[in-house]
Amino acid sequence: MNLSPGQLDTLFQALGDPTRRAILERLARGPATVTELAAPFDMALPSFLGHVHRLEAAGLVTTAKTGRIRTVTLVPGAFTPVRSWLDDQRALWEGRLDRLDAYVQTLMQETRDDPEP
């Protein structure tokens, strides 16, 4: 899945707030109403809805309204782009660290092989 840098930025910005991460953690257990999600937070409902809208704009959750009740659901696979990017970064840095380690080992061996003057 190829994401533009802007899309990845949107995902990371959505994940960058502790309130939004807590919402996602709760939704991992299953869908919940906005009222249920907002209960643990000491903030006005419009402010809380701003967090929900930010998650929805990032494609991490969906909302559905039935009458006066809005239910929020985690989007399956929504974290895949973030995970893919992190996996790519891990592979890049592991490769760099492996090359650095090999270089240091070579230097250490050369030092051992050189006779002292």
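**Exercise 1. Does R90 count as buried, partly exposed or exposed?**

Solution. The model is predicted: local features need pLDDT of at least 70, side-chain atom pairs count only at pLDDT 80 or more, and totals for chains, interfaces and linings use all residues. Residues are numbered from 1 along each chain as its sequence is written, and side-chain values use heavy atoms, with hydrogens and water left out.

Step 1. Set the classes: buried means under 20% relative accessible area, exposed over 50%, and partly exposed in between (1.4 Å probe, protein chains only).

Step 2. R90 has 47% relative accessibility and therefore counts as partly exposed.

**Exercise 2. Trace the salt bridges that involve D87.**

Solution. Step 1. Take the criterion: a salt bridge is a side-chain nitrogen of Lys or Arg within 4 Å of a carboxyl oxygen of Asp or Glu. Side chains of opposite charge can pair when their charged atoms come close.

Step 2. Search the whole structure; the result is 2 salt bridges.

Step 3. One pairs the side chains of D87 and R83, at 3.9 Å from N to O. Both residues belong to helix 5 (residues 80-113) and stand 4 residues apart, about one turn of the helix. Helices here are DSSP runs (H or I, at least four residues), strands are runs of E of at least two, and both are numbered from the N terminus.

Step 4. The side chains of R90 and D87 also meet in a salt bridge, at 3.1 Å from N to O. Because R90 and D87 are 3 residues apart in helix 5, about one helical turn separates them.

Step 5. Through shared partners, the salt bridges join R83, D87 and R90 into one network.

Step 6. Add the exposure of the other two members: D87 is partly exposed at 29% relative accessible area, and R83 is exposed at 55%.

**Exercise 3. Describe the surroundings of L27 and of A64.**

Solution. Step 1. Place L27 in helix 2 (residues 18-27). With a relative accessible area of 3%, L27 is buried.

Step 2. List the contacts of L27, where contact means heavy atoms within 4.5 Å. Neighbours within four places in sequence aside, L27 touches A32, L37, V61, V72 and L74.

Step 3. Check a pair distant in sequence: L27 and V75 are 48 residues apart along the chain, and their C-alpha atoms are 9.5 Å apart.

Step 4. Place A64 in strand 2 (residues 61-66). Its relative accessible area is 44%, so A64 is partly exposed.

Step 5. With neighbours within four places in sequence left aside, A64 is in contact with I69, R70 and T71. A64 and P31 are separated by 33 residues in sequence and by 10 Å between C-alpha atoms.

**Exercise 4. Summarise the fold and overall dimensions of the protein.**

Solution. Step 1. Count the elements: 5 helices and 3 strands.

Step 2. Read their order along the sequence: α-α-β-α-α-β-β-α.

Step 3. Compare the radius of gyration with the globule rule. The radius is taken over C-alpha atoms, and the rule is 2.2 Å times the number of residues to the power 0.38. The protein has a radius of gyration of 23 Å, well over the 13 Å that the rule gives for 117 residues, so it is more spread out than a compact globule.

Step 4. Take the box along the principal axes: the C-alpha atoms fill roughly 85 × 30 × 25 Å.

Step 5. Note the burial: 25% of the 117 residues are buried.

Step 6. Consider contacts between residues at least 6 apart in sequence: 53% of them join residues at least 24 apart.

Note on methods. Contact means heavy atoms within 4.5 Å.
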